[in-house]
Amino acid sequence: MREPYLAGRLQGFGTTVFAEMSALAVATGSINLGQGFPDTPGPAEVLDVARAAIGTPADQYPPGPGTPELRAAVAAHLERFRGLRYDPDTEVLVTAGATEALTAALLALVEPGDEVVLLEPMYDSYAAAVAMAGGVVRPVPLTPPPPGTGDGHWTFDPADLRAAVTPRARLLLLNSPHNPTGTVLDRAELAEVAEVALEAGLLVLTDEVYEHLVFGGAEHVSAATLPGMRERTLVVGSGGKTFNTTGWKIGWICGPAPLVAAVRTAKQFLTYVNGGPFQPAIAAGLALPDAFFAGIAADLERRRDVLVAGLREAELPTVSPQATYFATVDVSGVRPDGDGLAFCRELPERAGVVAVPSGVFYTREHADLGRSLVRFAFCKRDEVLAEAVARLGRMRT
């Protein structure tokens, strides 16, 4: 049904399923494993800097590109962990979270009718941002491994990637570590992506917000590090997932100065600036020692293992992810009709747990690929995960 007053390019982007599932969680007293936000505070070294900044001039508008200390910290962080060098003054732009960085980039770089190639399933803001820019989504489906196996790697067919690149293609949007699947593109896959981008002359926009939440056996490699890619690639990051500060909305985008200048032109008319007291805090976090970043990944990996084991004991076949906050379940074995949305709507009453149907992360043309899939988040306290696992286990009795 057409929404009155809503522009045609945004028809179909109504209230998200996250709102519906969160409301179900409240109404039923369920544990919400649908939305991906932590329920523990971030490191004191970060929080204390923000507290000290409140009530100071940091409460006022920061510089349009972001504070110099945060831009310098972002550049130093990317050089330290990825070997990428960016000029903090011309090649780093602070944004209102990664979502604004991605949206501003698409608004700045995509002309009406241009095509944006991306992997599917996709984070839900991508398709809406492409639509706002007047672009057209060209999805490349990821194929999951068999649920219940030790392999958590989803992959794409290189032929599908090449077929998605038409003469109208302008930009390739990557997300690795990938939400919602939790897969991490390996070097061979990234080399395939780079080859296609170089051959077709595509710009590349890579969302790397989960860069530090990668588990044993997987390695995050930024697409910008591949030969010939830095000069055509914009790298997006955020402090929210790394420092348990998703509500602060401090993100950034880095790349060649002409591309960043284009993004800055669009960004300045969106939020202009944001999060003055939080910018020095995220700068402090980015300078924390290597042991901090290794520790948060190890702790999250342990939580992943708790939830995945509980889901499997509840006879819910699960793909154990290589990264991020999320594990994917295929409900076709427990629901004859394979309806993941119906499963999620019934789960609060059946088990007192809320999840999100993965079908919302697919385009209409590939809706059947995600119909039986459901996403659970494990970025929660130990006692919350233990109770969720116990409730899911009681579904069998």
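**Close-up 1. Helix α3 passes helix α9 in a left-handed crossing.** This view, like the others here, comes from a predicted model. The axes of α3 (residues 68–82) and α9 (residues 278–286) come within 9 Å, and they cross at roughly 25 degrees. Angles under 35 degrees count as roughly parallel, so α3 and α9 are roughly parallel to each other. Who does the touching? On the α3 side, look for Glu-69, Leu-70, Ala-73, Val-74, His-77 and Arg-80. On the α9 side, the contact is made by Gln-279, Pro-280, Ile-282, Ala-283 and Leu-286. Sort the residues of this contact by class and you get 7 nonpolar, 2 polar and 2 charged.

**Close-up 2. Helix α9 also meets helix α2, this time in a right-handed crossing.** Here the axes of α2 (residues 44–53) and α9 come within 8 Å and cross at roughly 155 degrees. Anything over 145 degrees counts as roughly antiparallel, and α2 and α9 are therefore roughly antiparallel to each other. From α2, the contact uses Glu-45, Val-46, Val-49, Ala-50 and Ala-53. From α9, you'll find Phe-278, Pro-280, Ala-281, Ala-284 and Gly-285. The class count for α2 with α9 is 8 nonpolar, 1 polar and 1 charged. Keep an eye on Pro-280 of α9: it takes part in the contact with α3 and in the contact with α2.

**Close-up 3. Helix α4 passes helix α5 in a right-handed crossing.** The axes of α4 (residues 97–109) and α5 come within 8 Å and cross at roughly 30 degrees. That makes α4 roughly parallel to α5. In this contact, α4 puts in Thr-99, Leu-102, Thr-103, Leu-106 and Leu-107. Its partner α5 answers with Ser-125, Tyr-126, Ala-129, Val-130 and Met-132. How many charged residues are in the contact of α4 with α5? There are no charged residues, just 7 nonpolar and 3 polar.

**Close-up 4. The largest pocket has a volume of about 1,100 Å³.** A set of 34 residues lines this pocket. Lying nearest its centre are Gly-12, Phe-13, Gly-359, Val-360 and Tyr-362. Several helices chip in with two or more lining residues: α1 (17–28), α5 (125–132), α11 (340–351) and α12 (367–370). Which of the elements gives the most to the lining? That would be α5, with 4 residues. By class, the lining of the largest pocket is a mix of 15 nonpolar, 11 polar and 8 charged residues.

**Close-up 5. A cis peptide bond joins Glu-120 and Pro-121.** Omega for this bond is about 10 degrees. To find Pro-121, go to the loop between β3 (115–120) and α5.

**Close-up 6. Another cis peptide bond joins Asn-179 and Pro-180.** Here omega is about 20 degrees. Pro-180 sits in the loop between β5 (169–175) and α7 (187–200).

**Close-up 7. Tyr-5 has a positive phi, in a residue other than glycine.** What is the value of phi for Tyr-5? Phi is near 75 degrees. You can pick out Tyr-5 in the segment before α1.

Notes:
Residues numbered from 1 in each chain as written. Predicted model: local features only at pLDDT ≥ 70, side-chain atom pairs only at ≥ 80, totals over all residues. Heavy atoms only, no water. Axes fitted to C-alpha atoms, helices over the stretch in contact; angles between N-to-C directions. Parallel < 35°, antiparallel > 145°, perpendicular 65-115°, else oblique. Left-handed = near helix turned anticlockwise from the far one by under 90°. Contact = heavy atoms within 4.5 Å. Nonpolar A, V, L, I, M, F, W, Y, C, P; charged D, E, K, R; others polar. 1 Å grid on protein atoms, 1.4 Å probe; cavity = no way out; pocket = protein on both sides within 12 Å on 5 of 7 lines; lining within 4 Å. Points joined across faces, edges and corners; volume = space filled by probe spheres on them.
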